[in-house]
Amino acid sequence: MSGAVGRLTATAPGEAAIDLAGVDQFALLGWHDANLRVLEEHYGGSISVRGDALVLRGEPAETETMARVVCRLVELLEREKALDTVSVHYVLEQHLRPQDGEPEAVGETLLVAGNRRAIRVKTAGQQGYVEAIRAHDVVFAIGPAGTGKTYLAVVMAMDYLKRGLVERIILVRPAVEAGEQLGFLPGDLQEKIDPYLRPLHDALGDTVGPGRIQRYMSSGVIEAAPLAYMRGRTLNQAFVILDEAQNTTLGQMKMFLTRLGHQSKAVITGDVTQIDLAQGKDSGLVRVRDILAGTEGIAFVELTQRDVVRHPLVRRIVEAFRVAEERGAEKRK
């Protein structure tokens with residue numbers, strides 16, 4: 001952030017100015033200055049623009065912190081070419097985390113796909129997840145919605161494919177969703193499968209673009225299928241992703257894990273708070289933690305609400321549900 005900090009000058013106690021020469025001011029300020037309004041509401045100061053200078057006023061300590069946040073936003077804008085209020089909230093939370101004893105996000109670049117924006121890790125938890133994928137052949141990523149479990153797995157798979165470390169990517173999901181089974185859905189097999197695999201397609205679209213997905217899939221470089229279609233196969237030189245693994249039974253989990261062949265890697269993702277299996281069926285993702293804990297070559301990564309990188313409300317929703325579930329558990333005792 002040294003380049004952005006170099007734009008900062010202190011003009012008086014409780015006042016600072018940031019040089020915006022060469023910065024896209026509209027992108028920084030947001031529509032109707034929405035990005036800066038978020039900062040003003042959070043810190044209680046004021047922000048105004050005078051030509052190529054952004055002037056911040058408020059309590060000295062608050063103004064200093066607000067200036068550092070704005071410098072971080074300028075750096076982010078120069079790197080990503082876009083900002084929105086979600087990005088602003090994320091940067092604010094980054095500056096709050098060191099007070100809780102957590103390091104700021106590492107920001108490692110994982111993939112740059114053509115002219116598309118660079119994809120980077122955004123939290124310390126995500127960095128640990130990526131490092132676990134690199135260091136282990138089987139990685140379980142467990143955590144709430146919005147932590148990037150599936151997204152980062154797809155990004156890493158594409159990186160491995162581009163570097164020739166694997167020959168294909170296989171995307172797998174159990175065909176169970178909110179109590180429904182695959183056979184109850186209308187249409188042919190592909191139409192039945194598509195709704196379950198849509199989140200994986202969305203992540204692929206961000207890494208290679210929608211146009212190239214079809215070419216990869218038609219050539220067999222990328223394959224997407226329900227978990228049931230993995231039975232009896234041996235998956236060699238492949239990066240295999242099992243998504244929504246909380247909806248597998250223990251038998252299905254064993255079947256999937258024993259498909260792994262030579263020079264292959266498997267990433268299994270899931271949220272154990274959102275199990276859609278029929279009443280009385282144990283989740284394979286829950287059970288496998290006890291069975292495989294400590295097994296060489298296998299890593300378990302626990303992501304938390306601190307790693308949520310979607311809309312700021314997602315983190316609050318996750319936390320609210322966690323508190324409600326804990327209260328419910330206490331009442332049942």
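The following paragraphs lead through the sheets, a helix, the cores and one loop residue of this predicted model.

The path begins with an open sheet of four strands, arranged in the order E1-E2-E4-E3 with antiparallel pairing. Strand E1 (8–12) and strand E3 (46–50) occupy its edges; each has a single partner strand, so one side of each remains without a neighbour in the sheet. On average, and with direction ignored, neighbouring strands of this sheet are turned by 25 degrees against each other. Within the sheet, strand E2 (residues 15–19) and strand E4 (residues 53–57) run antiparallel and are joined by five bridges. In this pairing, Arg57 of E4 is the residue that stands opposite Glu15.

Helix H3 belongs beside this sheet: H3 lies across E3 and E4, and its direction makes an angle of about 145 degrees with E3. The helix covers residues 34–43, and its buried residues include Leu36, Val38 and Leu39 as well as Asn35, Glu40 and Tyr43. After H3 comes Gly44, which has a positive phi, near 75 degrees.

Attention now turns to the nonpolar cores. The largest of them has 31 residues, and Tyr129, Met158 and Phe239 are those with the most contacts inside it. Helix H7 (residues 149–162) supplies the largest share of this core, namely eight residues. A second core, separate from that one, has 24 residues, among them Leu39, Ile47, Met66 and Leu76. Leu39 thus recurs here, having already appeared among the buried residues of H3.

A further part of the structure centres on strand E8 (residues 168–173). How many of the six residues of E8 are buried? Five of them are, so the strand is largely enclosed by the rest of the structure. Two parallel pairings involve this strand. With strand E12 (residues 238–242), E8 pairs in the parallel sense over five bridges, and Ile241 in E12 is the bridge partner of Leu171. With strand E11 (residues 222–226), the pairing is again parallel and has five bridges; here Val172 has Ala225 in E11 as its bridge partner. As a general point, side chains in a regular strand alternate between the two faces of the sheet.

The last stop is Ser283, located in the loop between strand E13 (265–270) and helix H11 (284–292). Is this loop residue, Ser283, buried or exposed? Its relative accessible area is 4%; because the limit for a buried residue is under 20%, Ser283 counts as buried. Leaving aside residues up to four places away in sequence, Ser283 touches Ala245, Gln246, Thr248, Ile275 and Leu277.

Definitions and conventions:
Residues are numbered from 1 along each chain as its sequence is written. This is a predicted model: local features need pLDDT of at least 70, side-chain atom pairs count only at pLDDT 80 or more; totals for chains, interfaces and linings use all residues. Side-chain values use heavy atoms; hydrogens and water are left out. A nonpolar core is a set of buried Ala, Val, Leu, Ile, Met, Phe, Trp, Tyr and Cys residues joined through side-chain atoms within 4.5 Å. Buried means under 20% relative accessible area, exposed over 50%, partly exposed in between (1.4 Å probe, protein chains only). Two strands pair if DSSP finds at least two bridges between them. Contact means heavy atoms within 4.5 Å. Axes are lines fitted to C-alpha atoms, for helices over the stretch in contact, and angles run from 0 to 180 degrees between N-to-C directions.
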